[in-house]
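Take a walk through this fold, starting with its helices. Keep the model in view and follow the packing from one pair to the next.

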Amino acid sequence: MSSQTILPASTPARFDAPSPSPSPSPSSSPSSRPPAAAPIDPHRLRQAAGRAVAALKLLGNEDRLLLLCQLSQSECCVGDLESLLGIRQPTLSQQLAVLRAEGVVQTRRDGKKIFYRIADPAILEVLGVLYRLYCPEDESS
């Protein structure tokens with residue numbers, strides 16, 4: 001089992017964003033303003049956008065999102081995923097095949113069982129942000 005758990009059962013994942021820098025006051029001199037950001041290379045931006053869209057499409061299916069959230073806790077075999085998530089085996093196999101084909105999950109065999117785990121660290125980070133935003137610790141929120 002790997003140490004990839006990002007959605008702890010008792011505590012939501014925390015990804016602290018850097019604090020925004022204070023905006024210069026109107027009386028600030030031009031020399032005290034932060035330097036302008038370098039222009040973004042449109043070609044690199046388009047490539048990054050394509051990868052982001054592909055990841056979001058994978059997460060855009062409720063069953064796949066539930067599968068990935070569960071796998072972020074620990075690796076699981078198909079039978080465990082079926083009972084934990086209530087996803088019927090044909091749907092489960094179909095969605096796991098999509099995740100495997102996209103390289104998001106990896107498998108290992110132990111006897112007759114196949115165990116799945118998340119292989120893409122970027123997906124783990126996105127899941128952590130989604131958990132923090134949409135799965136508050138206090139269920140009454």
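A crossing counts as right-handed if the near helix is turned clockwise from the far one by less than a right angle, and as left-handed if anticlockwise. Keep that in mind for what follows. The model is a predicted one.

Begin with the overall plan. The protein has five helices and three strands. Along the sequence they run in the order α-α-β-α-α-β-β-α. The chain has 141 residues, and 23% of them count as buried. About 10000 Å² of the protein is exposed, with 55% of that supplied by carbon and sulfur atoms. Contacts reach far along the chain. Among those with a separation of 6 or more, 60% join residues 24 or more positions apart.

Now turn to the helix packing. Two packed helices are described by the angle between their axes and the distance between the axes.

Start with H2 and H3. Helix H2 covers residues 62–73, and helix H3 covers residues 78–85. Their axes lie 11 Å apart, at an angle of about 115 degrees. Angles of 65 to 115 degrees count as roughly perpendicular, so H2 is roughly perpendicular to H3. The crossing of H2 past H3 is right-handed. On the H2 side, the contact uses Leu-66, Leu-67, Gln-70 and Leu-71. H3 contributes Leu-81, Leu-84 and Leu-85. Sorted by class, this contact between H2 and H3 holds six nonpolar residues, one polar residue and no charged ones.

Move on to H3 and H4. Helix H4 spans residues 89–101. The H3 and H4 axes are 10 Å apart, and the packing angle is about 115 degrees. Here too the crossing is right-handed. Val-78, Leu-81 and Glu-82 of H3 meet Gln-89, Leu-92 and Leu-96 of H4. By class, the H3 contact with H4 has four nonpolar residues, one polar and one charged. Leu-81 of H3 thus appears in the contact with H2 and in the contact with H4.

The remaining pair to visit is H2 with H4. Their axes are 10 Å apart and pack at an angle of about 75 degrees. That angle makes H2 roughly perpendicular to H4. From H2 come Asp-63, Arg-64, Leu-67 and Leu-68. From H4 come Thr-91, Leu-92, Gln-95, Leu-96, Val-98 and Leu-99. The classes in this contact of H2 with H4 are six nonpolar, two polar and two charged residues. Leu-67 of H2 takes part here and also in the contact with H3. Leu-92 and Leu-96 of H4 meet H2 and also meet H3.

Finish with one residue of H2. Leu-65 sits in this helix. Is Leu-65 buried or exposed? Neither label fits, because its relative accessible area of 27% makes Leu-65 partly exposed. Setting aside residues up to four places away in sequence, Leu-65 touches Leu-59, Leu-127 and Leu-130. One of these, Leu-127, is 62 residues from Leu-65 along the chain. The C-alpha atoms of Leu-65 and Leu-127 are 8.5 Å apart.

Terms used
Residues numbered from 1 in each chain as written. Predicted model: local features only at pLDDT ≥ 70, side-chain atom pairs only at ≥ 80, totals over all residues. Heavy atoms only, no water. Axes fitted to C-alpha atoms, helices over the stretch in contact; angles between N-to-C directions. Helix = DSSP H or I, 4+ residues; strand = E, 2+ residues; numbered from the N terminus. Parallel < 35°, antiparallel > 145°, perpendicular 65-115°, else oblique. Contact = heavy atoms within 4.5 Å. Nonpolar A, V, L, I, M, F, W, Y, C, P; charged D, E, K, R; others polar. Buried < 20%, exposed > 50% of the residue type's maximum accessible area, 1.4 Å probe, protein only. Areas by Shrake-Rupley, 256 points an atom, 1.4 Å probe, with all protein chains shown as cover.
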